[in-house]
Amino acid sequence: GYRLLQPFKDYHSPNRTTDVSSEIYQHLVNGKIVILDLSVGDTAQRDRLSKRIAQHIFQSSMAIFSLGKHPPHIVIYVEEAHNLIGRNEPLTEIWPRIAKEGGKARIATVYATQEVSSIHPNILSNTENMFVSHLNNENEFRELAKFYDFSDFESSIMHTQDVGFNRVKTFSNPFVIPVQIDKFNPEQEKQRAG
């Protein structure tokens, strides 16, 4: 009975009246930024909740698309993606589906990982822009090299750890290029824009 739910009581609030997935989607539709920190807690619950929220976002936007309307632009940012996006998931699971079909629903995915080899191959093959700052072993580099030509930068990717220095492959550029990215400075951007 209810004892099966006992381990999950710490993840629930008696004050909630709506499903968190619906609430998050509504915030995204309204143009708000939603930060969901899943770094603490049970691994199985983190995986289950992230998939449930991603599924809701995908299905809601696809429903709007199916009506012939334009869904809202949504960006899902997944930090430590190797913890959530499994390499061996079936193509019917939500993360590979978003990578393959998310463009129709105006959903973009940004994922950050140090373990390229742990990311689903379908997601890697559907990644249009890559920013690579450092990989710490040859296996990870070889996995990355399967998708784009980073070979000219192998030595610097493996041995250089300069802050902000990236090798970038964008959808609009056929070549990997080295780029120095400055630290974001809000005051400087206000002056530049003003």
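User: How do the residues of the lining of the second largest pocket divide into nonpolar, polar and charged?

Analyst: In this predicted model, the lining divides into 17 nonpolar, 5 polar and 5 charged residues. Val34, Leu36, Ile76, Tyr77 and Val78 lie nearest the centre of that pocket, and since Val, Leu, Ile and Tyr count as nonpolar by definition, these five residues belong to the nonpolar class.

User: Which elements supply at least two residues each of the lining of the second largest pocket, and what is its volume?

Analyst: Helix α1 (20–29), helix α2 and strand β1 (74–78) each supply at least two residues, and the volume is about 720 Å³.

User: What makes Asn129 a polar residue in the lining of the largest pocket?

Analyst: Asn129 is among the residues nearest the centre of the largest pocket, together with Val110, Tyr111, Met130 and Phe131. Asn is listed neither as nonpolar nor as charged, and therefore counts as polar. By class, this lining has 20 nonpolar, 12 polar and 5 charged residues, and strand β2 (107–111) gives the most to it, with 5 residues.

User: How do you know that α2 and α3 are in contact, and why is their crossing called left-handed?

Analyst: Contact requires heavy atoms within 4.5 Å, and the residues that make it include Phe58 and Met62 of α2 and Trp95 and Ile98 of α3. The helices, α2 (residues 43–66) and α3 (residues 94–101), pack at an angle of about 35°, with their axes 9 Å apart. A crossing is left-handed if the near helix is turned anticlockwise from the far one by less than a right angle, and therefore the passage of α2 past α3 is called left-handed.

Methods
Residues are numbered from 1 along each chain as its sequence is written. This is a predicted model: local features need pLDDT of at least 70, side-chain atom pairs count only at pLDDT 80 or more; totals for chains, interfaces and linings use all residues. Side-chain values use heavy atoms; hydrogens and water are left out. Axes are lines fitted to C-alpha atoms, for helices over the stretch in contact, and angles run from 0 to 180 degrees between N-to-C directions. Helices (H or I, at least four residues) and strands (E, at least two) are DSSP runs, numbered from the N terminus. On a 1 Å grid over the protein atoms alone, a cavity is a set of points where a 1.4 Å probe fits but cannot get out, and a pocket is an open set with protein on both sides within 12 Å along at least five of seven lines; lining residues have an atom within 4 Å of a point. Grid points are joined across faces, edges and corners, and a volume is the space filled by probe spheres set on the points.
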